[in-house]
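User: I'd like to go through the labels on this model and ask what stands behind each of them. Can we start with the interface?

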Amino acid sequence: MAKFLLIFCSVLGSLFAIEMLNPVQQAVIQPFTVLLANISTAVIVPFDDTVIAQGRILRDATTGFAVSIEAGCNGVEAAIVLIAGIVAFPASVQHKVIAILAGFVFVQALNIVRIISLFYLGQWNYTVFEWFHLYLWPVLIMLDVLVVFAIYLQWLGKRHPEAQPT
Amino acid sequence: MLMRRQFVLTLILMPITFGIWYAAGALFSAPAVWLCDALLQAVYPHLIDSVWLQGMKMGALTQFGMLEEEVVAASAAGNQIELDINTRLVSYSIAFYAALLMASNLQNGFYKFCIGLFCLWLVMAFGLASIAAKDLLVMVGAPFLSAPRVPPADLLALTYQFNVLLMPTLAPVCLWVWQLRGSPLWEALASDIRRASAQV
């Protein structure tokens, strides 16, 4: 447990520090955030063709309402927590890589739901938008991370049922 | 099965705990604001003059003021810049923690909640201090950064990210896992962990 905590905190702190570096922001985080805006728009457009993506901004061409995907809203922090947990837990490198990739997709899938929901909540009611944006969605994303990690543990366990203690 | 029950119950309980948290107003934020006040007065008395709680907002009177559109020391400016911080940005961690804990139906649940609450108030105090530092960085800039004992801007940004964007959701999870020990859910989780780690 102590080893897990030590590795978890070290990886978490390191990845956070790396994420904040300007070159990483320019080369990875910003383009990734723009990609998220584009994917969100691509998901919305079949149902609502008035939505356009401008960089990391989602805009309704008719009403002019827009949301900008900022730091903390791109799901990178949640992904970092998940990666730290997976790296800290003893498993083979192959399993860790599979879990990180699948977990990242899972977290980002919910994050796209968050972005789209906030885009429409903001147009409907700003108070509700603020509630979901500031308080509810961060909790749901962290629960998502927890679910993914729990599934990962069960998946690892099921691959080696003979190792189950008697 | 127990884990699935935990997550479903947490989701069901969240509207209740968030409702109580919202209705309680400043009750859950006040101790964190007092701790933040003590922290800022002890370490940065030359930056923060006083801290108070008004409704859900934490006010902080700084030692900086405006003179001809320039930020200078409050003594020279004759006025003081005031920070206005929404305490709910960090206090929602209590509602999340309560939902996690109630969903687990642990023995001595109320006692464990009280212990967790004290830990969260400490985490929240650091979160509020980080927001104050970020606001000072944005509003005051260079005079703030050149003051004694103020960390570099990059470290302040990192601290803000960590204490405000991450800790309100990560701290309740860590506390909950720590307090799970000995419960049926912990045994189920430990069994998964034993099986999973046995392969390495």
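Analyst: Sure. Buried area is the accessible area that two parts lose on being put together, summed over both. This is a predicted model, and here chain B and chain A bury about 3200 Å² between them. Carbon and sulfur atoms account for 82% of that buried area.

User: Which residues count towards the contact, and how many does each chain give?

Analyst: A residue is in if it has heavy atoms within 4.5 Å of the other chain. Chain A puts in 37 residues and chain B 36.

User: How many salt bridges does the rule find across the interface of chain B and chain A?

Analyst: Zero. Over all chains, the structure holds two salt bridges.

User: What makes R56(A) and E70(A) a salt bridge?

Analyst: The rule wants a side-chain nitrogen of Lys or Arg within 4 Å of a carboxyl oxygen of Asp or Glu. For R56(A) and E70(A) the closest N and O atoms are 3.5 Å apart, so the pair passes. The two sit in distant parts of the chain, 14 residues apart: R56(A) in the loop between β1 and β2, E70(A) in the loop between β3 and α3.

User: Why are R56(A) and E70(A) called partly exposed?

Analyst: That label runs between the 20% cut-off for buried and the 50% one for exposed. R56(A) comes to 27% and E70(A) to 36%, so both fall in between.

User: What about D135(B) and K134(B): what makes them a salt bridge, and is each buried or partly exposed?

Analyst: Their N to O distance is 3.2 Å, so the pair is within the 4 Å limit. D135(B) has a relative accessible area of 15%, under 20%, and is therefore buried. K134(B), at 28%, is partly exposed because that value is between the two cut-offs.

User: How do you know that E19(A) has no salt bridge?

Analyst: The nearest side chain of opposite charge, R56(A), is 10 Å away. With a 4 Å limit, that rules a bridge out, so E19(A) is buried yet has no such partner. E19(A) lies in helix α1, residues 2–20 of chain A.

User: Which residues is E19(A) in contact with, leaving aside its neighbours within four places in sequence?

Analyst: Among them are V24(A), I29(A), V76(A) and I80(A), along with Q161(B) from the other chain.

User: And how much of chain A counts as buried?

Analyst: 42% of its 166 residues. Those are the ones under 20% relative accessible area.

Notes:
Residues are numbered from 1 along each chain as its sequence is written. Chains are lettered from A and ligands numbered from 1 in the order in which they are written. This is a predicted model: local features need pLDDT of at least 70, side-chain atom pairs count only at pLDDT 80 or more; totals for chains, interfaces and linings use all residues. Side-chain values use heavy atoms; hydrogens and water are left out. Buried means under 20% relative accessible area, exposed over 50%, partly exposed in between (1.4 Å probe, protein chains only). Buried area is the accessible area (1.4 Å probe) that two parts lose on being put together, summed over both. Helices (H or I, at least four residues) and strands (E, at least two) are DSSP runs, numbered from the N terminus. Lys and Arg count as positive and Asp and Glu as negative; His and the chain ends are not counted.
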